[in-house]
Amino acid sequence: MAITGSGSLCSSILFFLVSAAFLLGKGAAQDIQVPGQNLETDNVSVVEGEVATISCRVRNNDDSVIQLLNPNRQTIYFRDVRPLKDSRFQLVNFSDNELQVSLSNVSLSDEGRYVCQLYTDPPQEAYAVITVLVPPGNPIIESQEDIVSEGNTTEITCTAMGSKPAASIRWLKEGKELQGESTVEDTDDKMYTVTSRLILTVRKEDDGVPVICMVDHPAVKDFQAQKYLEVLYKPEVKITVGFPQGLTREGEALELSCTAEGKPKPQSVRWMKLDDELPDHALLTGSDLYIDSLNKSYNGTYRCMAANAVGEAYADYVLFVHDSRAGEGVPRTVDHAVIGGVVAVVVFAMLCLLIILGRYFARHKGTYFTHEAKGADDAADADTAIINAEGGHSNSEEKKEYYI
């Protein structure tokens, strides 16, 4: 019984000591904090044929080994040693905190998830995904028809072939964006072909204007193709008067010129008078109409007509013949600007004269002196003053007045 009791006591003491040691060890471990090692990397996008760089970075490295694996988990670099035979992989930088490797002449087969691995317990891994960009070929722009008549619609297509990812296509005309409709076709080799279709109603003003197909893709910039519109339009007709300038009077001559511009150029221009025939002695020279010795029977509407393959157009001139003396009794028109100028000059001259006279009188002010009642100043009393004053009035010399 004593032996058994002693064994139990020993067991209890041993358990107590082990537990205390565990707790003390755990507390000590909590007091001493060791910074963790963090493995980092970045995804990479690279254009086909160019160089991709993979960087495996470690924070707080404790001399653990870094290695880089390809998507098939084959070791590309173990520290600064390259076991893989592919010489396109080259060491860029190696240190305790970084393993940086470049891959030249990248192709689509190089795409995938590359593994940065750190030999810790347990091992750490970080993943760098390489995405290969393939630019499209030169855009191809086509139209259903090369020549379009005004008012009609035409269809223009633009195709960007063999890109990864799929390109996007925009349309521009005279700096404004037009809305097209795009379709995307993918192939088994992960490549894409994009076709955009633009429906456009053309105007006369669109002739010679470029329609631009803009291809947007992360692998290229300012990639475009353009097509110049060729638009046919009917003639524009205009009539100008050669003479007379002003009223058309009996006995005078009239000359009218007709111009017509169109695409294609009008082949002929012809004159006619509405609801009547042209005067017998009217002279047609090319697109000009000449009528000599006008009279009132020639009054009416004269029309110039021109046509081409697109259509026909015309312009009208209304002739009204006045009496031979019409307009002679009309007074000449007064140039109000001239009258206003003359009035302004006269007013200015008057103002200048007034200013000069004012300055003259201001400098020559008169002083008025009189000698009336000179004797009153020395009189001893009022009666004497009156007598002296009367005596002063009797002297004609003393009554003279002087002006200075």
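**Cavity, strands and backbone oddities**

Q: Which residues line the largest cavity?
A: S143, E145, D146, V148, T154, I156, V202, K227, Y228, L229, E230 and V231. Keep in mind that this is a predicted model.

Q: Which elements give two or more residues to that lining?
A: Strand 12 (153-163), strand 18 and strand 19 (230-243).

Q: And what is the lining like by class?
A: Mixed: six nonpolar, two polar and four charged residues.

Q: How much space lies in there?
A: About 60 Å³.

Q: How many cavities of 30 Å³ or more does the count come to?
A: One.

Q: Strand 18 came up. What is the strand order in its sheet?
A: The order is 14-13-17-18. The sheet is open, has four strands and pairs in the antiparallel sense.

Q: Which are the edge strands?
A: Strand 14 (176-178) and strand 18 (220-228). Each has pairing on one side only.

Q: By what angle are neighbouring strands turned on average?
A: By 35° against each other, with direction ignored.

Q: How many bridges are there between strand 13 and strand 14?
A: Three, with strand 13 covering residues 168-173. The two strands run antiparallel. Within the pair, K173 is opposite K176 of strand 14.

Q: What sits in the loop between those two strands?
A: E174 is in that loop. Its phi is positive, near 55°, and it is not a glycine.

Q: Is E174 buried or exposed?
A: E174 is exposed, because its relative accessible area is 53% and the cut-off for exposed is over 50%.

Q: Which other non-glycine has a positive phi?
A: D63 does, at about 70°. D63 belongs to the loop between strand 3 (52-59) and strand 4 (66-69). At 60% relative accessibility, D63 is exposed too.

Q: New topic: cis peptides. Where is there a cis bond with omega about 0°?
A: Between D121 and P122. P122 is in the loop from strand 8 (112-118) to strand 9 (124-133).

Q: What about the bond from K164 to P165?
A: That one is cis as well, with omega near -5°. P165 is in the loop between strand 12 and strand 13.

Q: Last one, on strand 6 and strand 7. How many residues does the hairpin run through?
A: Three residues connect strand 6 to strand 7. Strand 6 spans 89-94 and strand 7 spans 98-103. They are antiparallel and joined by five bridges. F89 faces L103 of strand 7 across the pair.

How values were computed: Residues are numbered from 1 along each chain as its sequence is written. This is a predicted model: local features need pLDDT of at least 70, side-chain atom pairs count only at pLDDT 80 or more; totals for chains, interfaces and linings use all residues. Side-chain values use heavy atoms; hydrogens and water are left out. Two strands pair if DSSP finds at least two bridges between them. Axes are lines fitted to C-alpha atoms, for helices over the stretch in contact, and angles run from 0 to 180 degrees between N-to-C directions. On a 1 Å grid over the protein atoms alone, a cavity is a set of points where a 1.4 Å probe fits but cannot get out, and a pocket is an open set with protein on both sides within 12 Å along at least five of seven lines; lining residues have an atom within 4 Å of a point. Grid points are joined across faces, edges and corners, and a volume is the space filled by probe spheres set on the points. Ala, Val, Leu, Ile, Met, Phe, Trp, Tyr, Cys and Pro count as nonpolar, Asp, Glu, Lys and Arg as charged, and the others, Gly among them, as polar. Buried means under 20% relative accessible area, exposed over 50%, partly exposed in between (1.4 Å probe, protein chains only).
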